[in-house]
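Subject: Structure for you to look at

Hi,

Here's the structure I promised to pass on. Have a scroll through it first, then read on for what turned up.

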Amino acid sequence: MKSLPAHDAKAVSTRQIEVFRTVMQLGSANRAAAALHVSQPAITQLLQQLESRAQLTLFDRPKGRLVPTPEAHALMEEIERVYEGLGAVQRKIVALQSHEDTVLRIGSLHAMAASIMPGVLAEFQRHYPRTRCLLMVDSSKVLREALFQGAVDLAFLGDEADTSGLVSSTFYELPAVCALPATHPLARKAVLDLADLRDAPLIGLSATDPAQRRLEQAFSDAGITPRFVIETPYSATQCALVLAGAGLAITNPLVAAEHAPLGLRSIPITTGGVHFRALLAFQPRQAQSRAAQEFVSLCRKRLP
């Protein structure tokens, strides 16, 4: 027979291919008809249409039996490769639905890594045990570069971060608290004023930290000269130093709350308007996966 012109290939239908494959697998038109819930004549007609449109003899028919030709076997090999590919697609869909073999890469500021992140990761793993999470904890500058390089899928940045070229939004903005030991005389107060801290030894954040700059401006506006005795880049270290008796700290309320079981009190500050702020950022050219969206949702539920 002459070869099939390229423009005639469309004439072969998926139904004809399905019938051909079933006949090849089961060995007869009768068995194929039962499996596909159609009549035997319908199977015979579809096979004849396939042979006519493909311009190939796929079966010899001695005494009404269907005997596959070499062309039929060659075609069957190719069809099986296609069906295997479709099976792989279906398996991948199921895996994606269950987050199987998914890797979620998260960038986080130290303050969030030391507060809500452990609980969120634990809850996320309970819901999606087949998803592997990678947590990168670093500065906003490093995390920003990690987003652009594709090393993380999402990142929680400080409000000093340059978010140009990223999709970003405010994740939280929370008023600062004063962290002090539960045994400190000021721990009995419901709220504190900056004036209450006039002579107290204070543990500050790094001078470049936006929250520290806001705090120092608030002291200046109130006409108070604070006494900072220790400087550290991390709110968690501030809290540890407070518990050790090194001084008091105006700090991130999320981190302070994690130290409450150890005897740390967190008291609101009524003046100064000092707050801690974090941003959530994504790479603009990368769509947010379902896993990433659900992870962010769990993070939001942990906020006060």
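One bit of vocabulary before we start: the angle between a helix and a strand is taken between their N-to-C directions, along lines fitted to the C-alpha atoms, and can run from 0 to 180 degrees. Also, please keep in mind that this is a predicted model.

With that angle in hand, find helix H9 (residues 235-243), which lies across E7, E10 and E11 and runs at about 150° to E10. Those 3 strands make up an open sheet, in the order E10-E7-E11, with antiparallel pairing. Strand E10 (249-251) and strand E11 (264-268) are at the edges with a single partner strand each, so one side of each has no neighbour in the sheet. From one strand to the next, the twist averages 35°. If you'd like to see the pairing up close, look at E7 (residues 177-181) and E10, which are joined by 3 bridges. Val177, for instance, has Thr251 in E10 as its bridge partner. In case pairing is new to you, strands of a sheet pair through backbone hydrogen bonds, either parallel or antiparallel.

For the parallel kind, go to E8 and strand E9 (residues 227-232), which pair that way over 5 bridges. There, Ile203 stands opposite Ile230 in E9. Strand E8 (residues 201-205) is largely enclosed by the rest of the structure, because 4 of its 5 residues are buried.

Next, the nonpolar cores. Which residues touch the most other members of the largest one? They are Leu154, Phe156, Phe171, Tyr172, Leu197 and Phe295, out of 48 residues in that core. Helix H11 (residues 290-301) gives the largest share of this core, with 6 residues. Phe171 is a nice one to click on: leaving aside neighbours within four places in sequence, its contacts include Met112, Phe156, Leu280, Val296 and Leu303. Apart from this core lies another, of 19 residues, with Val23, Leu36, Leu66 and Met76 among them.

Last, the empty space. The largest pocket holds about 540 Å³. Of the 25 residues lining the largest pocket, Leu109, Ser140, Glu160, Asp209 and Pro233 are the closest to its centre. Helix H5 (110-113), helix H8 (210-221) and strand E12 (275-282) each contribute at least two residues to that lining.

Shout if you get lost in any of this!

Cheers

Definitions and conventions: Residues numbered from 1 in each chain as written. Predicted model: local features only at pLDDT ≥ 70, side-chain atom pairs only at ≥ 80, totals over all residues. Heavy atoms only, no water. Core = buried A, V, L, I, M, F, W, Y, C linked by side-chain atoms within 4.5 Å. Buried < 20%, exposed > 50% of the residue type's maximum accessible area, 1.4 Å probe, protein only. Contact = heavy atoms within 4.5 Å. Pairing = 2+ DSSP bridges. 1 Å grid on protein atoms, 1.4 Å probe; cavity = no way out; pocket = protein on both sides within 12 Å on 5 of 7 lines; lining within 4 Å. Points joined across faces, edges and corners; volume = space filled by probe spheres on them.
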